[in-house]
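Subject: Structure for you to look at

Hello,

Here is the structure I promised to pass on. Please open it alongside this email.

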Amino acid sequence: MSQRREISEDGKELLFDHGAPYFTVTNPDVLSVVTEWESRGLVAEWKSNFGSFDCLTNKIVNTEHQICR
């Protein structure tokens, strides 16, 4: 995974994961594998916000909370 950390203007630490920050499973066979991964701590439910970085203003915009499972 490729990660980086930044500090926002208000002092909050931001973590960027450029790998696969989330995925969705619809196939029951794949879901059983992912459930096993979850029980072993290899994956976890995404509970953070998503946002977009505006290169013109150098600010994070359009942050929203989404639950992806």
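Below is what I found, from the whole chain down to single residues.

Please keep in mind that this is a predicted model.

Overall layout

The chain has 69 residues, and 7% of them are buried. Its secondary structure comes to 1 helix and 4 strands. Read from the N terminus, the order is β-β-α-β-β. About 5900 Å² of the chain is exposed, with 51% of that area supplied by carbon and sulfur atoms. I also looked at contacts between residues at least 6 apart in sequence. Of these, 16% join residues at least 24 apart.

The helix and its ends

α1 is built from 12 residues. From first C-alpha to last, α1 spans 16 Å, close to the 16 Å expected at 1.5 Å a residue. The start of α1 has a side-chain to backbone approach. There, a side-chain oxygen of N27 comes within 2.7 Å of the backbone nitrogen of D29. At the other end, G41 follows just after α1 and has a positive phi of about 80 degrees.

L42 and the nonpolar patch

Where does L42 sit? L42 belongs to the loop between α1 (28-39) and β3 (49-54). Its relative accessibility is 54%, so L42 counts as exposed. L42 is also one of the residues in a nonpolar surface patch. The other members are F23, V33 and W37. Together the four have about 360 Å² of accessible area.

E13 and the salt bridge

E13 lies in strand β2, which covers residues 13-17. Is E13 buried or exposed? E13 counts as exposed because its relative accessibility is 53%, and the cut-off for exposed is over 50%. R5 is exposed too.

Which residues does E13 touch, leaving aside neighbours within four places in sequence? E13 is in contact with R5, E6 and I7. With R5 there is a polar contact between side chains, at 3.3 Å. The pair also forms a salt bridge, with 3.3 Å between the closest N and O atoms. Side chains of opposite charge can pair when their charged atoms come close. How many salt bridges are there? The count comes to 1.

To recap the two local sites: E13 and R5 form a salt bridge, and F23, V33, W37 and L42 form a nonpolar patch on the surface.

Best wishes

Methods
Residues are numbered from 1 along each chain as its sequence is written. This is a predicted model: local features need pLDDT of at least 70, side-chain atom pairs count only at pLDDT 80 or more; totals for chains, interfaces and linings use all residues. Side-chain values use heavy atoms; hydrogens and water are left out. Helices (H or I, at least four residues) and strands (E, at least two) are DSSP runs, numbered from the N terminus. Buried means under 20% relative accessible area, exposed over 50%, partly exposed in between (1.4 Å probe, protein chains only). Contact means heavy atoms within 4.5 Å. A polar contact is a pair of N or O atoms within 3.5 Å; within protein, one must be able to donate a hydrogen and the other to accept it, and residues adjacent in sequence count only if both atoms are side-chain atoms. Patches are made of residues with over 30% relative accessible area and no salt bridge: like charges are joined within 9 Å, nonpolar side chains (Val, Leu, Ile, Met, Phe, Trp, Tyr) within 5 Å. Accessible areas come from the Shrake-Rupley method with a 1.4 Å probe; for residues, only the protein chains shown count as cover. A salt bridge is a side-chain nitrogen of Lys or Arg within 4 Å of a carboxyl oxygen of Asp or Glu. The expected span of a helix is 1.5 Å times one less than its number of residues.
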